[in-house]
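Reader: I am new to this structure and would like a close look at a single part of it. Please take me through that part slowly, and then show me what lies around it.

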Amino acid sequence: SVVYEGEVEIEQRGGVAACMALYLGEEWLDSNCWYMESPLPSGPPQGPHAGAKWKAALTFTNDAPVTVFVVDAAAAGGALWRGKYGIREALRAAVPGALGNSCMHLTGNQADALDAWRRTG
């Protein structure tokens with residue numbers, strides 16, 4: 001079930017910081033090990049947080065709101081993950097310039113994320 005739905009304003013210049021927050025603790029934020037999945041026309045970002053720079057360049061292509069859904073996935077099992085990949089691929093195929101992999105994020109540990117939200121919400 002959907003616990004929260006809303007839009008968050010994140011300008012392009014805030015993209016790297018947003019990626020650092022959304023993917024906190026992920027090693028690829030610095031290693032950029034997923035770069036070849038979606039190469040940038042300008043080449044791979046350099047310097048600190050190259051992975052976050054890459055993800056931001058893919059995701060924050062214009063100043064538009066980001067739609068956020070928080071869902072209680074306790075009963076979803078693997079269906080939520082399968083649905084995520086299906087939606088990503090459908091968007092990539094149907095929408096010119098679609099973000100594909102960068103259009104959806106699911107936290108790696110949904111139970112921990114929900115528990116943290118409940119403690120602060």
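Author: A good place to start is Val68, which sits in strand β2, residues 64–71. The model is a predicted one, and what follows describes that model. Is Val68 buried or exposed? Its relative accessibility is 27%, so Val68 counts as partly exposed; to count as buried, a residue has to be under 20%.

Which residues does Val68 touch, once its neighbours within four places in sequence are set aside? Val68 is in contact with Tyr4, Glu5, Gly6 and Val8. Val8 lies 60 residues away from Val68 along the chain, yet the C-alpha atoms of these two residues are separated by 7.1 Å.

That pair can be set beside a figure for the whole chain. Taking the contacts between residues at least 6 apart in sequence, 59% join residues that are at least 24 apart. The protein chain has five helices and two strands, and along the sequence they follow the pattern β-α-α-α-β-α-α.

Of the helices, α3 gives a contrast to the partly exposed Val68. Helix α3 is mostly covered, with seven of its ten residues buried. These buried residues are Ala50, Gly51, Ala52, Trp54, Lys55, Ala56 and Leu58. They pack against two helices, α1 and α2, the latter spanning 28–31. For the chain as a whole, 26% of the 121 residues are buried.

The packing of α3 with α1 can be described further. Two packed helices are described by the angle between their axes and the distance between the axes. Here helix α1 covers residues 15–22 and helix α3 covers residues 50–59; their axes come within 8 Å and cross at roughly 115°. The two helices are therefore roughly perpendicular to each other. The crossing in which α1 passes α3 is right-handed. On the α1 side the contact is made by Gly15, Val16, Cys19 and Met20, and on the α3 side by Ala52, Lys53, Lys55 and Ala56. By type, the residues of this contact divide into five nonpolar, one polar and two charged.

One last figure concerns the outside of the protein chain. The chain exposes about 8000 Å², and carbon and sulfur atoms supply 58% of that area.

Terms used:
Residues are numbered from 1 along each chain as its sequence is written. This is a predicted model: local features need pLDDT of at least 70, side-chain atom pairs count only at pLDDT 80 or more; totals for chains, interfaces and linings use all residues. Side-chain values use heavy atoms; hydrogens and water are left out. Axes are lines fitted to C-alpha atoms, for helices over the stretch in contact, and angles run from 0 to 180 degrees between N-to-C directions. Helices (H or I, at least four residues) and strands (E, at least two) are DSSP runs, numbered from the N terminus. Angles under 35 degrees count as roughly parallel, over 145 as roughly antiparallel, 65 to 115 as roughly perpendicular and the rest as oblique. A crossing is left-handed if the near helix is turned anticlockwise from the far one by less than a right angle, and right-handed if clockwise. Contact means heavy atoms within 4.5 Å. Ala, Val, Leu, Ile, Met, Phe, Trp, Tyr, Cys and Pro count as nonpolar, Asp, Glu, Lys and Arg as charged, and the others, Gly among them, as polar. Buried means under 20% relative accessible area, exposed over 50%, partly exposed in between (1.4 Å probe, protein chains only). Accessible areas come from the Shrake-Rupley method with a 1.4 Å probe; for residues, only the protein chains shown count as cover.
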